[in-house]
Structures are given as C-alpha cells and as structure tokens.
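I opened this one to go through its helices, rings and loops, entry by entry. These are my notes as I went.

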Amino acid sequence: MNIEEAVSIFKNISERSKKYEEMGKALHSALSPEERLQRFQERSVVTLEFYQKNQLEQKQLLSWMKGELDTSPSDEDYDVLLEYTRALYVSAYGDMFLLQELVRLLLPHYEEKKDYVHLIFLYLCLAFVNLEVSRIIHQGYGDASMDCYRKLFELAKLVDPKERHLIYRDLAVAYANVLMVETCLLTITMDEAYSYWLDAKELRNSPDFLAYMKLPESERSVAILDRFIARFETESYNIYRNNHVSATPQMVEWMEVRSEAEFKREAAKDKELLECSSDLLITHIEYLLDHNKIAPREALSTLDSYVDKRAPLLKTREDDIISFYTTYTEEILVLLPKAGLSAQEQKQILLKYTDIIESFIRKYTHDRNFAYSLNNGLWVLGFEPEFYRYIPSPEEKIERLYRFVVTRHLTTYLHSQMVAYFAETVLDRVLDRRPELFVGFHGLRNAEEVLKQKDKRVLL
C-alpha cells in the first residue's frame, strides 16, 4: 500500500458518508408511506454495502499505519495522513471513531518528533471525540476529554514562539469547549472553568496573540476566542444554574453580578428584550427567584408572554432555535407546579408548549448540521417526566412520545415498531405456555384469570 491508495480510501469514505446523508434526507421528503418504505429498503441495501466497503478499506488503512503490511508510511506520508485527519475532523460527515483510531496511530510519530504544533491538534481531536461520546455515555469519557484539553494546554507552553501563530485556532476551540461544554457536562466545576477563562483572557491580551491578529488568517481564531470569553462572563450563571455544576459561594456571586450587569445593559437598549439572547431572560428570572424577588406565578407569566412575542421573530439561520424551545419549555415545566395554578390551567399551558414543540420538531429543516443539538433537544422534550404527569392514560403517553421523538427519527420509528411486534409475539407465546408467571400482576389471582384477560392486553 502507498499514500495514494490511502488518500483514495479517505475520499471513498467521505463520498459514501455524503451519499448516506442524502438518502437520510430523502426519507423525510417521501410523500407517502409506500414511498418511504421503498426508500428505507433502498437505503438498507446501500448501507450494508457501504459498511462492508468501509470496514475493508479502513482495516487496510489502519494496518498500513500500524506497520502490519509490506510497507509503512514515511515522514512525508504522515503529514499527508494528518491533513486528511484534519479534514475528517472538520467534516460534517466525519466518523468520530475512525478519527479516534487515526489520532492514536499518528500520536507516537509526532511525539517522537516532538512536533508540538501537530500534537496539539491531535489532542484536540481526541478531546472532541470523548466530549461527544460523553453526551450519551457519561462514565469516564468526560474526564478523558478534559485530560486531553489539559495535555493540549501544557503542550502549548512548549511551542516555539515563531510557531505559536499555528496553534491559536486550536487553542481558541479548546477554550471554547472547556468553558461552555465541559461545564454543562459536569466535567469541571465553575471555579475550574473560571481559571481557564482567566487563561483565555491572558492569551487574548498577550503580545504574541496581538501580533498574530495582524495576519489575515487570524480572523476566525480571534472571533472564537472573543466570543467565548464574553459568553462565559455573561452566561456562566445560566450554565451553573441549569446544569447543577458545583461552585463556591464566591464564584456564584461573581457569576450573578456579571449576569445581572449584562441583563441591565440589554434591557436599557430594548425593554421588551426581543433582540437579546433568549437564555439571558431565563437567567435573570432565575436570579430573581433565587433571591425571592419574584414569585413563581409572575415568573411563569413573564416567560410565557416572552415566548409568545419572541417565537415569531426567530430566524432559522441565525438563532439557536433548538435551545430556545428546549430551554424555555424546561423552565416552564419547572415553574408550572409552583405557580399556584389549577390543574386545568396547568394542563392548558402544558398542551400549548407540547403543541408548539411538536410543530417545531416536525418542520425543522433536516439538512441543517445540528444533529447533536437536535438529538439533545428531542431527548429533553421526549423524556421529560413533567410532560407526562398531566397525561392520564398509558396510551396517550405512548402516543405523545411517538409524536415527539420516533416520528422525527424515521429509522428509530421503524425499529420501535419492530421491537413492539417482537415483544407482543414473545408475550403471546409466554401467555400460552406459562400463564402462571403473570399471577400477581394487575390483580390477577391465578392462571385462569390470566388467560381470560389475554386478549385485552392488560398485561402490557
């Protein structure tokens, strides 16, 4: 194998990923159940073919990088492999686990060369993979991602001053993720995040970085660093409050002061707050609640009125619509039982928000690259217990769950239908052969009563 064949593998995998995404979008544009089924079948055939080809080619590529074939990469080949790894990292169709394997195989080469610039990028990739996995598998991955960021920051101190301009983009991304994501995922405390915020500010004001700002390629790095330094100062209280991150009393006071100062600045410019960050009003309301300066009923009314005015003004391309709907709905649900409303009033508000969100989820453009955000939003909205507290029957609860989640994710919908079919088939067989296993459930006293109730499906 040679580098040309390796490059060809990268290109093949990329093209297949794009094709797979296009077929996924086509599922949502199907005009009938029959057309959707046909597209499901077509995609399943293509998916199997792609999987087999990817497995074969990835195995060949990784074996070559491990030195298990007749040839192995040269120094120049490693640099090419690194650039294609970088392309995979920034791609909308990137495979995180392939990225992880590539990084692990590239690390020893650049460690031996003491190439700190490229090592920083590789640790940034590893941090990213662990960070994303930690969203769904919490055990250990968040700590692993933070360890990678710490290693990255330590390596940055070793970079030759003449090469520092090469690492500023990666450092800016690292600080952004540490300040705004690691905190939300509870990997670090707010006090630890504050220390990184100070480091980011120090970097931003350093002579080397100020000189770097004169270069044409600095614009993106400067924008990232400036944005997240500012966001942490004004949004840290919101992160702390809504994600239950630990913080010392001194840190809480610092966050409250900064958040309230930002709110007052925005309120002075726009009394209705229709142009400010949506999270800012929630943070302000939470501050007032924490200090008993507002009652839950007034807070609920304020937020409900704001959503009515703000929602029609949301711009799909500029605003984080997913965050808007999930954050406000969660806050409404928290306040709902505390506001002293009647059961009927509570149910009306709940139904209003479930209808708004269901409409949003169904209409949300599938081709936008916010997969993780949308999935997180669906998880919050679909599995929030408070949604179901006001729905009396199990059938209605199941219907609501389907309407929120699985009908948006068509493959999940199909999988759920198949699992339900298998479950009923197994249940029927167990009922026929071992009805005594259900005695004691739903008030059933013996096997005969179980069999009498079989067709009513009360056991489900």
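I first fixed my burial terms: buried means under 20% relative accessible area, exposed means over 50%, and partly exposed is in between, with a 1.4 Å probe and protein chains only. By that rule Asn292 is exposed, because its relative accessible area is 70%.

Ground rules next. I am looking at a predicted model, where local features need pLDDT of at least 70, side-chain atom pairs count only at pLDDT 80 or more, and totals for chains, interfaces and linings use all residues. Residues are numbered from 1 along each chain as its sequence is written, and side-chain values use heavy atoms, with hydrogens and water left out.

**Loops**

I stayed with Asn292 and looked up its place, which is the loop between α12 (278-290) and α13 (296-310). The helix names come from DSSP runs numbered from the N terminus (H or I, at least four residues; strands are E, at least two). Phi of Asn292 is near 55°, so I noted a positive value in a residue other than glycine.

Lys114 was my next stop, in the loop between α4 (96-112) and α5 (116-134). Its phi is also positive, near 55°, and Lys114 is not a glycine. Is Lys114 buried or exposed? It is exposed, at 57% relative accessible area.

**Helix α2**

I checked the length of α2, residues 33-65. The expected span is 1.5 Å times one less than the number of residues. For 33 residues that gives 48 Å, and the end C-alpha atoms sit 46 Å apart, so the two agree.

I then pulled the buried residues of α2, among them Phe40, Val46, Phe50, Leu61, Leu62, Trp64 and Met65. Arg43, Asn54, Glu57 and Gln58 are on that list too. I looked closer at Arg43, which lies in α2 and is buried at 10% relative accessible area. Its C-alpha is 9.1 Å from that of Leu27, 16 residues away along the chain. After α2 comes Gly67, with a positive phi near 80°.

**Aromatic rings**

How many aromatic pairs does the structure hold? I got 14. Rings of Phe, Tyr and Trp (its six-membered ring) pair if their centres lie within 6.5 Å; planes under 30 degrees apart are stacked, over 60 edge-to-face, and the rest tilted.

I picked out Phe153 and Tyr196, a tilted pair with 5.5 Å centre to centre and 35° between the planes. Phe153 is in α6 (residues 141-156) and Tyr196 in α8 (residues 190-204), so this pair ties together parts that are 43 residues apart in sequence. Both Phe153 and Tyr196 are buried.

I also wrote down one aromatic cluster, formed by Tyr194, Trp197, Phe232 and Trp254.

One charge went into the notes as well: Arg86 lies over the face of Phe121, 3.9 Å from the ring centre. To count, NZ of Lys or CZ of Arg must be within 6 Å of the ring centre and within 35 degrees of the ring normal.

**Helices α7 and α8**

I looked up how α7 (residues 168-182) packs on α8: the angle is about 155° and the axes are 10 Å apart. Axes are lines fitted to C-alpha atoms, for helices over the stretch in contact, with angles from 0 to 180 degrees between N-to-C directions. That makes α7 and α8 roughly antiparallel; the cut-offs are under 35 degrees for roughly parallel, over 145 for roughly antiparallel, 65 to 115 for roughly perpendicular, and oblique for the rest. The crossing of α7 and α8 is left-handed, meaning that the near helix is turned anticlockwise from the far one by less than a right angle (clockwise would be right-handed).

Ala172 sits in α7 and counts as buried at 3% relative accessibility. The C-alpha atoms of Ala172 and Ala200 are 8.0 Å apart, with their positions 28 residues apart along the chain.

**Two more contacts across the chain**

Tyr78 belongs to α3 (residues 75-90) and is buried at 13%. I found its C-alpha 8.9 Å from that of Tyr110, 32 residues apart along the chain.

Leu155 lies in α6 and is buried at 6%. Leu155 and Tyr116 are 39 residues apart in sequence, and 6.1 Å apart C-alpha to C-alpha.
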